[in-house]
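Please open the model in a viewer and keep the sequence panel visible. The tour below proceeds by selections, each followed by a description of what is found there.

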Amino acid sequence: MTRTLGRVSLAFLALLMTPLPGTFLPGIATAMDPATAVADSATAVADSAAATPAASTAVDTLGARRREFPHADLTLVPRLLSGGYVIVLRHSITDHAANDRDQRGEEYSDRSTQRNLSKEGEAQAARIGKAIAALQVPIDTVLSSLMWRCRDTAQIAFGHYRAVPELTRRGAEFRAKRIALLGMVPEVGKNTVLVTHQDLLIPIMEGLRRDQLQEGDALIVKPLGGSFEIVAQVTPDDWERLAAAKTTTVAKDGKAGKTTKSRKPVKK
């Protein structure tokens, strides 16, 4: 009799400890209920999808932000001749076999720690400067990054420059100063040149993407006094093409600057 009561008590105790679905220990009950588990999983996926855009949507949004800037044509030349623009020039071609060393807080005076212009880059800078001079574009201030690839580009192309941290250093303070430089209207009848790096321009120029601005390329910016507008992208070949077109036009107009021989008087 005692043994029978003991078995009944144990069975009753086991029954009391068995969790009822949806009543006690809901977490465990759910894990044991396949239908409930599938429903919860579907809800979690739906919430995740709502919180995070689909990959295709993200790509489409990125694509919408990309922007192609018009390349220079002959209408750009008279505008530059009148002045009032900022020529933002990415440094010329560099030797990519070398890498920049960490120079945070340094003055960038040691060119051996930097990626410098290659021989091709030096020649490219000379071509750019020669074409701009041939176009007779009036250049006033030339500002450069502190890094030597920018300094050398500025010196070779324009013969003078002033190195400034605004075109070199990162951070909110220098970013604000870069935007101010782009929005600053030059002296009347003059243009400003900024020689810098693409990584510093991408965050402040809407639509500009990596390597869209190749080494030696320039963006022509119209400063609006605090803000700016990108007018055109100019490659080194564009500069030379514009210079050649101007020379041809001048020659056709009879204003090539050549001395003409005076006719000898006809003897009567």
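## The centre of the sheet

Select I87 in β1 together with β4: the bridge partner of I87 in β4 is V193. Strands, like helices, are DSSP runs numbered from the N terminus (strands E, at least two residues; helices H or I, at least four). The model is a predicted one, in which local features need pLDDT of at least 70 and side-chain atom pairs count only at pLDDT 80 or more, while totals for chains, interfaces and linings use all residues. Residues are numbered from 1 along each chain as its sequence is written, and side-chain values use heavy atoms, with hydrogens and water left out.

Extend the selection to the whole of β1 (86-90) and display the backbone. β1 and β4 run parallel and are joined by 5 bridges; two strands count as paired if DSSP finds at least two bridges between them.

Now colour β4 (residues 191-196) by burial. Here buried means under 20% relative accessible area, exposed over 50% and partly exposed in between, with a 1.4 Å probe and protein chains only. In β4, 6 of the 6 residues are buried. N191, V193 and V195 point one way from the strand, and T192, L194 and T196 point the other way.

## Outward to both edges

Add β2 (residues 139-144), which pairs with β4 in the parallel sense over 4 bridges. Along this pairing, L143 is opposite L194 and S144 is opposite V195.

On the other side of β1, select β5 (218-223). The pairing of β1 with β5 is antiparallel, over 4 bridges, and V88 stands opposite L219. Of the 6 residues of β5, 5 are buried.

Continue to β6, which runs antiparallel to β5 and is joined to it by 6 bridges; P223 stands opposite F228 here. The hairpin of these two strands has 4 residues between them, and G225 takes a positive phi near 70°.

With every strand shown, the order reads β3-β2-β4-β1-β5-β6 in an open sheet of 6 strands with mixed pairing. The edges are β3 (162-163) and β6 (228-234), each of which pairs on one side only.

## The helix across the sheet

Select α7 (residues 148-158), which lies across β1, β2, β3 and β4 and runs at about 160° to β2. This angle is taken between N-to-C directions on a scale from 0 to 180 degrees, with axes fitted as lines to C-alpha atoms, for helices over the stretch in contact. Because 9 of its 11 residues are buried, α7 is largely enclosed by the rest of the structure. Among the elements covering these buried residues are α6 and β3.

Centre on A157, a residue of α7. A157 counts as buried because its relative accessibility is 12%. Beyond its neighbours within four places in sequence, A157 is in contact (heavy atoms within 4.5 Å) with A125 and G129. Its C-alpha atom is 7.6 Å from that of R127, 30 residues apart along the chain. Just after α7, G159 has a positive phi, near 80°.

## Cores and cavity

Show side chains next. A nonpolar core is a set of buried Ala, Val, Leu, Ile, Met, Phe, Trp, Tyr and Cys residues joined through side-chain atoms within 4.5 Å. The largest has 27 residues, and those with the most contacts inside it include L76, I87, L135, F158 and W239. Elements that each supply at least two of its residues include α5 (76-82), α6 (119-135) and α10 (236-252). Apart from it lies another core of 18 residues, among them V88, L143, L201 and M205.

Select L135: leaving aside neighbours within four places in sequence, its contacts are V77, L81, W239, L242, A243 and K246.

Finally, select V88, L167, R178, L182, L194, T196 and L201, which line the largest cavity. A cavity is a set of points on a 1 Å grid over the protein atoms alone where a 1.4 Å probe fits but cannot get out, and lining residues have an atom within 4 Å of a point. Its volume, the space filled by probe spheres set on points joined across faces, edges and corners, is about 30 Å³. α8 (172-183) and β4 each give two or more residues to this lining.

Notes
On a 1 Å grid over the protein atoms alone, a cavity is a set of points where a 1.4 Å probe fits but cannot get out, and a pocket is an open set with protein on both sides within 12 Å along at least five of seven lines; lining residues have an atom within 4 Å of a point.
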